[in-house]
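Please find below a short set of comments for consideration alongside the model. They are arranged as numbered points.

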Amino acid sequence: MMILISAGWVSLWLLKPTDLWTRKWRGAEEVATSTVFGYNGLNFAVYSFPAIAVAITGLIYMQLKPKEKSSRHGRSSIAVLSNPLVVNSYVGILSGMEILGVSLFILFLAWTFYARISNDYKRMLPVKTFKLHKWQYKIFRMATRCGLLSEACLALLLFPILRGMAIFRLLGIQFEASVRYHTWLGTSMIFFATLHGAGTFYIWGIKHRIPDEIWKWQKTGRIYLAGEVSLVTLIVIWITSLPQIRRRQFEIFYYTHHLYIVFCVFFLFHTGDRHFYMVFPGIFLFALEKLLRIVQSKPESCILSAQVLPCKAVELILPKNPRLKYTPTSIIFVKIPSISKFQWHSFSITSSSRVDDNTMSVLIKCEGWWTSSLLDILHAELDSNADQSKCIPIAIEGPYGPRSLNFLRYDSLLLVAGGIGITPFLSILQEIASAENSGRRKLPSSIQLIYSVKKCEDICLLSPILPLLLDRKFEQLQLKLKVFVTQEVRHGATVRELFSEFSQARTIEFGTRCSRYATYGPESLHWMATIVGFSSIVFFAFLSCFNYLFLRHTQKAAKQKSPSSVTDFLLICAFAISIMCSIVVAVILRWRSLRKELPPVYEKQGKAMKQSSTEANRAIEEHEVYFGGRPNFQEIFSKFPDETGGSYIGVLVCGPDTMKESVAASCQLNSLSFKNGVQKRKPYFCFHSLNFTL
């Protein structure tokens with residue numbers, strides 16, 4: 001059903017630039033204008049609702065789909081398409097599937113531009129107001145049609161960053177990759193919008209009409225001033241989103257990104273509601289999910305305890321509802337009001353819900369302003385002489401993560417981490433260890449963890465899985481650690497010595513009087529589907545009521561290409577009412593859930609395992625440590641099949657971009673023989689890129 005609805009929605013975009021669609025659509029709008037729904041209802045039902053229906057169907061499907069598979073499947077052709085095809089420092093890592101998707105989208109943009117421009121040039125209608133020459137008219141129309149390309153990018157812009165309703169969860173695409181698609185679409189939208197505005201200003205300048213046109217707020221037609229405001233807002237958002245600003249001044253990026261509200265409102269006034277219905281689904285779902293996340297983060301919870309590690313990192317232990325389950329590599333969004341009342345930061349969960357029912361943990365490297373402020377609070381608490389630590393409230397969104405344990409389908413796993421990039425793998429290893437104890441499914445026969453750090457003290461980030469590294473009782477799980485220390489040299493030092501020196505952490509137990517609530521997590525998927533469906537019905541109902549009460553008598557007489565700002569304002573009102581009604585429903589559901597909530601069980605986090613020192617030393621000596629250089633991934637990949645066995649190998653990497661590119665290049669090179677069919681039994685490496693924060 002999702003495939004059919006999506007195909008129909010895409011077909012609308014392909015047919016819209018044609019004369020056939022224009023003629024048929026005008027007739028359909030004339031018929032709809034005389035009904036209680038009006039042309040507004042027709043536009044919403046045809047252009048907007050299909051994408052919303054896909055989101056509703058996707059939520060229902062994820063609710064019904066089994067989360068775990070009992071058997072492991074072999075390699076498939078999809079794995080070949082998902083592997084790196086292009087590895088470049090400028091464009092990053094691109095898979096065959098991504099290149100195919102980007103190529104199809106570029107073809108769609110080219111088709112839309114060609115169809116529109118060819119129709120414009122055939123007509124060559126003179127613009128009486130400007131009295132344009134032929135070449136001037138062509139430039140003016142090209143600039144106008146670039147605006148339509150920007151509109152197409154905007155229609156898809158917000159879908160990749162939907163956390164709970166994302167279709168990418170069904171496809172197994174990591175949230176990091178979907179954020180990258182959001183960045184690509186945003187950059188493309190900026191490019192076409194700038195061409196649209198620059199071309200229009202150029203023609204105005206030639207005809208000396210800039211002072212007359214720039215401040216126009218027409219009652220009907222294109223509102224130029226609204227378009228200028230939306231373009232300037234878009235440029236500000238894009239500039240502050242550049243990596244040079246986002247990584248160094250995250251606060252500027254975070255706050256200016258909320259100007260999207262200003263952009264969407266003025267975009268509506270500039271284009272009119274007929275164009276806005278094409279981009280409305282993404283805006284509708286994003287706004288609804290944003291407010292649902294705000295409801296989900298209430299009430300605030302509290303930090304149970306914290307561990308301050310030697311490498312300027314902290315591990316926070318947070319309470320969770322025993323019924324809350326999540327998959328490894330899941331992320332949560334955290335807000336600590338005592339640091340900032342508005343900023344949310346994402347972190348990978350390092351614990352496993354199979355291991356601990358009552359708590360979950362995150363590992364945070366303290367480098368920026370927000371994380372350094374957290375470290376200062378913890379140090380102040382450690383240095384204080386108070387008998388009881390204070391309570392630190394914390395708001396939590398999530399967890400958000402994949403629906404299935406895809407990494408279990410491989411014969412062997414090669415995990416590559418750099419620095420704080422170890423965090424997603426901590427949950428993966430704990431999940432695998434827990435699954436092996438239960439004996440319910442077939443697991444990867446061997447796992448090798450390549451961990452690259454700058455200094456020896458960073459090895460303390462492995463503390464959550466230290467029991468796994470020391471334990472020899474797992475019969476099937478063969479876990480081997482290779483540590484590479486790049487900026488220090490210690491002759492003869494072993495992994496056991498480094499752990500003994502740097503694994504000590506200072507622990508703080510916090511009070512819990514400020515909140516008795518544990519993290520409950522998002523509402524169930526079928527309730528989310530119900531809320532989305534309810535909100536869309538309410539929007540359609542109010543849109544029809546406003547059409548009948550305020551617009552029907554004017555639409556019978558006038559056939560205007562774009563409605564007045566009054567119509568746009570009524571659309572905003574219907575949208576706001578539908579969202580608020582849905583939030584009321586969500587608050588009631590949340591209140592009912594919390595009323596049944598029991599106070600969280602605060603258990604101390606014991607990490608030590610009962611094991612003899614001789615056995616522990618023997619287990620940890622099997623691991624290796626190298627000093628003064630980075631990992632040679634080509635050598636590691638060539639030796640890995642002989643060391644572990646297995647023909648279907650999953651490669652998961654999390655760390656700096658340069659590390660990901662090196663691993664992707666080695667993965668691409670070592671899987672080349674399988675692609676070319678030279679050696680069918682040659683081990684095949686399947687590449688996956690993870691992220692520890694966003």
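1. In which strand is the place of cysteine 302? In this predicted model, cysteine 302 lies in strand E3, which covers residues 301-302.

2. The environment of cysteine 302 deserves attention. Its relative accessibility is 0%, and because buried means under 20%, cysteine 302 counts as buried. Beyond its neighbours within four places in sequence, cysteine 302 is in contact with Leu318, Pro319, Cys391, Ile392, Pro393, Ile394, Thr512, Cys514 and Ser515. Arginine 513 is separated from cysteine 302 by 211 residues in sequence, yet the C-alpha to C-alpha distance between the two is 8.8 Å.

3. Strand E3 belongs to an open sheet of 4 strands, with the order E3-E9-E6-E7 and antiparallel pairing. E3 and strand E7 (345-348) occupy the edges; each has a single partner strand, so one side of each lacks a neighbour in the sheet.

4. Within this sheet, which residue in E7 does isoleucine 331 stand opposite? The residue facing isoleucine 331 is serine 348. Strand E6 (residues 331-335) runs antiparallel to E7, and 4 bridges join the two.

5. A further antiparallel pair is formed by strand E1 (residues 84-88) and strand E2 (residues 92-95), joined by 4 bridges. The connection from E1 to E2 is a hairpin through 3 residues. Asparagine 88 has glycine 92, in E2, as its bridge partner.

Terms used:
Residues numbered from 1 in each chain as written. Predicted model: local features only at pLDDT ≥ 70, side-chain atom pairs only at ≥ 80, totals over all residues. Heavy atoms only, no water. Buried < 20%, exposed > 50% of the residue type's maximum accessible area, 1.4 Å probe, protein only. Contact = heavy atoms within 4.5 Å. Pairing = 2+ DSSP bridges.
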